[in-house]
Amino acid sequence: MIEPAISTMPAAVELAACAVLGAIVGSFLGAALERMPQGRSIVTGRSACDSCGKALTVVELVPILSWLMQRGKCRTCGGSIGGWQLVCELGGAGIGVASALLMLDGLVLAAMLMGWQLLLLALLDLRHLWLPRVLVGWLAASGLLVALAKARVTDDASILGMSLGGGALGFLTLWLIARFYLKARGREGMGGGDPPLLGAIGLWVGPLGVVETMLGASILGIAAAIVMLVSKRKIDADTALPLGTCLAATAWPIFLAQGLG
């Protein structure tokens, strides 16, 4: 296990810094959530109102506070900014604070990195039933790099083996389920991005974490179905549930729990 480092920064200042950093990252994630489904670049071009196209000023780009002060509306045209931006910024800040509070110092940045990536993937799947391969690929690559770093620091090669085993188990499990469903029902029953996502998650959490993630995602899926039934929404064989969102929401807490253990 990676031993915690001795922090010289006061706890309150450290948490505030993590919250600010997370909110800034969340602001970027909000832009990505809006632009990626439209095929727009997330690294070029100034931030602008989606309604009137006016470039946003520095004051209008302050995470969380700008949205609250403007009540989710553009100062120029009054067009809605949308609550998803606030969700991303609050979520990013929450991930930053939770990582600092719950993880050993040596794993704080890793927990933030994983959490922010999963937040974007979860929201993309929730809104658009879409898990971009490039983002899943970055999640996999960063998970493997974290495993390599942990193996090097602890001089324990088994950590890398567990990571690779988790990646293989995660991908193959959902891929085989999808193939079985296709053969039995003659149609796709799972999004093509779900097996790679669980494979990428497996690189972070290992084989046992994959099993726990699948169990947790199943529980979340059942809970979502119950909510839909209570709200009298129709559920049938064609109803699409965002499995990727459930996987992402479950995987991050499991990674946190592993770091504490």
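**Entry 1: Gly-259.** I began with the contacts of Gly-259 in this predicted model, and, leaving aside neighbours within four places in sequence, I found that Gly-259 is in contact with Met-103, Leu-104 and Leu-107. I then looked up where Gly-259 sits, and noted that this residue lies in helix H8. Is Gly-259 buried or exposed? Its relative accessible area is 7%, and because buried means under 20%, I wrote Gly-259 down as buried. For one of its partners, Leu-107, I also looked up the spacing: the C-alpha atoms of Gly-259 and Leu-107 are separated by 7.2 Å, although the two residues are 152 residues apart along the chain.

**Entry 2: the nonpolar core.** Next I turned to the largest nonpolar core, which has 49 residues, and I noted that Met-114, Leu-139 and Ile-201 are those with the most contacts inside it. The elements that give two or more residues to this core are H1, H3, H4, H5, H6, H7 and H8, and the largest share, 13 residues, comes from H4. Which residues does Met-114 touch, not counting those up to four places away in sequence? I listed Leu-139, Trp-204, Val-205, Ala-251, Trp-252 and Phe-255.

**Entry 3: a surface patch.** Last, I looked at the surface, where Phe-171, Leu-172, Trp-175 and Leu-176 make a nonpolar patch of about 370 Å². I picked out Leu-172, which is found in helix H6, covering residues 158-185. Leu-172 has a relative accessible area of 43%, and since partly exposed means between 20% and 50%, I recorded Leu-172 as partly exposed.

Notes. Residues are numbered from 1 along each chain as its sequence is written. This is a predicted model: local features need pLDDT of at least 70, side-chain atom pairs count only at pLDDT 80 or more; totals for chains, interfaces and linings use all residues. Side-chain values use heavy atoms; hydrogens and water are left out. Patches are made of residues with over 30% relative accessible area and no salt bridge: like charges are joined within 9 Å, nonpolar side chains (Val, Leu, Ile, Met, Phe, Trp, Tyr) within 5 Å. Accessible areas come from the Shrake-Rupley method with a 1.4 Å probe; for residues, only the protein chains shown count as cover. A salt bridge is a side-chain nitrogen of Lys or Arg within 4 Å of a carboxyl oxygen of Asp or Glu. Helices (H or I, at least four residues) and strands (E, at least two) are DSSP runs, numbered from the N terminus. Buried means under 20% relative accessible area, exposed over 50%, partly exposed in between (1.4 Å probe, protein chains only). A nonpolar core is a set of buried Ala, Val, Leu, Ile, Met, Phe, Trp, Tyr and Cys residues joined through side-chain atoms within 4.5 Å. Contact means heavy atoms within 4.5 Å.
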